[in-house]
Amino acid sequence: MSEYLKPLPEADAASQPFWDGAMEGRLVLMKCSDCGQWRLPSRAHCDNCLSESFTWETASGGGTVRTFGVMWQKYQPGWAAETPYNVTIVELDEGPRLPTNVIGISNENIRVGMRVKVDFEKHEDVALPKFRPV
Ligand SMILES: [Zn+2]
């Protein structure tokens, strides 16, 4: 396998459960303890009720493509080999919208409204949540 040239995220204390879950193949999100609304890490307050109370919960991994763009410009060498690539907003079944990539399908076949399921791209120290059509 060739050297991986893209920047990889680094967990901090506030997002560590998200990344730990990803390494285990689980999409772990914050869930408000007061109103039950889910949110992406790491946000201090619930967008719905402003509560700071939450638990880490495993989401279903299912979602729907809400919008996407196809990047043709090679802004960073790490992406050169796979340009053009998609940047997609997946609305998770639990509600939050996650910026990601849809994989396992050509860009021209991606559709808004398409059902997708999380699939983790694993690296040595981090796993990235990507999505595949179902
Ligand atoms: Zn809430």
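**Exercise 1. Place G36 in the chain and decide whether G36 is buried or exposed.**

Solution. Step 1: G36 is found in the loop between β1 and β2 (38-39). Strands (E, at least two residues) and helices (H or I, at least four residues) are DSSP runs, numbered from the N terminus. The structure is a predicted model, in which local features need pLDDT of at least 70, side-chain atom pairs count only at pLDDT 80 or more, and totals for chains, interfaces and linings use all residues. Residues are numbered from 1 along each chain as its sequence is written.

Step 2: A residue is buried if 20 or more other C-beta atoms lie within 10 Å of its own, exposed if 12 or fewer, and partly exposed in between, with C-beta atoms placed from the backbone. G36 has 12 C-beta neighbours inside 10 Å and therefore counts as exposed.

Step 3: Between the C-alpha atoms of G36 and D125 the distance is 31 Å, and the two residues are 89 residues apart in sequence.

**Exercise 2. State how many helices and strands the protein has, and describe its overall dimensions.**

Solution. Step 1: The protein contains one helix and eight strands. Along the sequence they follow the pattern α-β-β-β-β-β-β-β-β.

Step 2: The radius of gyration is 16 Å, close to the 14 Å that the globule rule gives for 134 residues, so the protein is as compact as a globular protein of that length. The radius is taken over C-alpha atoms, and the globule rule is 2.2 Å times the number of residues to the power 0.38.

Step 3: The C-alpha trace spans about 45 × 30 × 25 Å along its principal axes. Of the 134 residues, 19% count as buried.

**Exercise 3. Describe the sheet that contains β1, and identify its edge strands.**

Solution. Step 1: Three strands form an open sheet in the order β2-β1-β3, with antiparallel pairing. Two strands pair if DSSP finds at least two bridges between them.

Step 2: β2 and β3 stand at the edges, each with a single partner strand, so one side of each is left without a neighbour in the sheet.

Step 3: β1 and β2 are joined by two bridges. In this region K31 stands opposite W38 in β2.

**Exercise 4. Work through the five-stranded sheet, strand by strand.**

Solution. Step 1: The order of this open sheet is β6-β5-β4-β7-β8, and the pairing is antiparallel. The edges are β6 (97-100) and β8 (127-133), each with a single partner strand, so one side of each lacks a neighbour in the sheet.

Step 2: β5 (residues 85-92) pairs with β6 over four bridges. T88 stands opposite T100 in β6.

Step 3: β4 (residues 62-71) pairs with β7 over three bridges, and G63 stands opposite V116 in β7.

Step 4: β7 and β8 are joined by seven bridges, and K117 has R132 in β8 as its bridge partner. These two strands form a hairpin with four residues between them.

**Exercise 5. Find which residues of α1 are buried and what covers them.**

Solution. Step 1: The buried residues in α1 are F18, W19, G21 and A22. Seen down the axis of α1, the buried residues fall within an arc of 160 degrees, so they line one face of the helix. The arc is that of the directions from the helix axis to the C-beta atoms.

Step 2: The cover over these residues includes β1, β3 (54-58), β7 and β8.

Step 3: After α1 comes G25, whose phi is positive, near 80 degrees.

**Exercise 6. Determine which elements supply the largest nonpolar core.**

Solution. Step 1: A nonpolar core is a set of buried Ala, Val, Leu, Ile, Met, Phe, Trp, Tyr and Cys residues joined through C-beta atoms within 7 Å. The largest such core has 19 residues, and L27, L29, V90, V116 and F131 have the most contacts inside it.

Step 2: At least two residues of this core come from each of α1 (16-23), β1 (28-32), β5, β7 (115-122) and β8. β1 gives the most, with four residues.

Step 3: In soluble globular proteins, nonpolar side chains tend to be buried together.

Note on methods. Two residues are in contact if their C-beta atoms, placed from the backbone, lie within 7 Å.
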